[in-house]
Amino acid sequence: MKKSLLLIPLIIISCKKDPAVTETQNKDSMALTKQADSAAVVDSVALRKKDSIINNAPATKEVLRTGVMRNLKEDQIVRTADAGQLPFTLGEEFTKDGQELILKITDFDKPTIKAKVSTKAKDFNIRINQIKLPNGDYDGPFGREITHEIDGKGEVWLIIGKSNMASGNTKGSFTVSVE
């Protein structure tokens, strides 16, 4: 009986304990508050597990592998991106010899475009072969990096593939960064 009388105040104190609320600096006319709560820690662990399940799902892996707005026609990979998403970096992979990537950037209205092709393989034979301007003109060939002036507004194409003037591996993964 005496033991239960000692436990009652402890239970009441532990039940009455309010979570600590702290206020951070006011930024952009918006006050942020942070609440220290053990339930939030449990929820974040559950979310990470759920996120891990989603990221490891076969459908998610297929989207990450094939990409969004991606069409494959024989040896040509066509990817489409909106200029409103600039700057961006996208990953791609050539699985056969002689493949090329056509990156179509819609609604481009900036005066210059910067693009860079990067790869981890040292002997990867890849470059920006041509650029198609909004007026329909083509220019090129280029190297792995390009800074080109754009006259007008519209769709700009970056055509990426192997260099016929160089040797090396033409299969592998690479990234294209566009500003």
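1. A good place to start in this predicted model is the four-stranded sheet. Its strands follow the order S5-S12-S7-S10, the sheet is open, and the pairing is antiparallel. S5 and S10 take the edges with a single partner strand each, so one side of each has no neighbour in the sheet. As you step from one strand to the next, the twist averages 20°.

2. Within that sheet, have a look at the pairing of S7 with S12. S7 covers residues 112-118 and S12 covers residues 172-178; the two run antiparallel and are joined by four bridges. If you want one pair of residues to find on screen, take serine 118, whose bridge partner in S12 is threonine 175.

3. The other sheet to trace has six strands. It is open too, with the order S3-S4-S6-S11-S8-S9, and here the pairing is mixed. S3 and S9 are its edge strands, each pairing on one side only.

4. Inside the six-stranded sheet, S6 and S11 are joined by six bridges and pair in the antiparallel sense. A handy landmark is lysine 104, which has tryptophan 157 as its bridge partner in S11.

5. At the S3 edge you will meet a hairpin. Strand S3 (residues 70-73) and strand S4 (residues 76-82) run antiparallel, with four bridges between them. One of the bridge pairs sets lysine 73 against glutamine 76 in S4. Two residues separate the strands of this hairpin, and glutamate 74 sits in the turn.

6. Glutamate 74 deserves a second glance. Its phi is positive, about 50°, although the residue is not a glycine. It belongs to the loop between S3 and S4. Is glutamate 74 buried or exposed? Its relative accessibility is 70%, and exposed means over 50%, so glutamate 74 counts as exposed.

7. Aspartate 107 also has a positive phi, about 55°, without being a glycine. This residue is placed in a strand, namely S6 (residues 100-108). With 54% relative accessibility, aspartate 107 counts as exposed.

8. Two cis peptide bonds are worth checking by eye. One joins leucine 86 and proline 87, with omega about -10°; proline 87 is in the loop between S4 and strand S5 (88-94). The other runs from glycine 140 to proline 141, with omega near 5°. Proline 141 is found in the loop between strand S9 (138-139) and strand S10 (145-149).

9. Now for the interior. In soluble globular proteins, nonpolar side chains tend to be buried together. Here the largest nonpolar core has 27 residues, and the members that touch the most others are Ile105, Ile113, Phe174 and Val178. Which strands each supply at least two residues of this core? They are S4, S5, S6, S7, strand S8 (127-132), strand S11 (154-161) and S12. The largest share comes from S6, with four residues.

10. There is some empty space to look at as well. How many cavities of 30 Å³ or more does the structure hold? The count is one, and the largest cavity contains about 40 Å³ of space. Its lining is made up of Phe94, Gly98, Gln99, Phe124, Asn125, Ile126, Gly161, Lys162 and Thr170. By type, those lining residues are three nonpolar, five polar and one charged.

11. To finish, find aspartate 151 in the loop between S10 and S11. At 63% relative accessibility, aspartate 151 counts as exposed. What is the C-alpha to C-alpha distance between aspartate 151 and leucine 133? The two are 7.8 Å apart in space, while 18 residues apart in sequence.

Methods: Residues numbered from 1 in each chain as written. Predicted model: local features only at pLDDT ≥ 70, side-chain atom pairs only at ≥ 80, totals over all residues. Heavy atoms only, no water. 1 Å grid on protein atoms, 1.4 Å probe; cavity = no way out; pocket = protein on both sides within 12 Å on 5 of 7 lines; lining within 4 Å. Points joined across faces, edges and corners; volume = space filled by probe spheres on them. Nonpolar A, V, L, I, M, F, W, Y, C, P; charged D, E, K, R; others polar. Pairing = 2+ DSSP bridges. Buried < 20%, exposed > 50% of the residue type's maximum accessible area, 1.4 Å probe, protein only. Axes fitted to C-alpha atoms, helices over the stretch in contact; angles between N-to-C directions. Core = buried A, V, L, I, M, F, W, Y, C linked by side-chain atoms within 4.5 Å.
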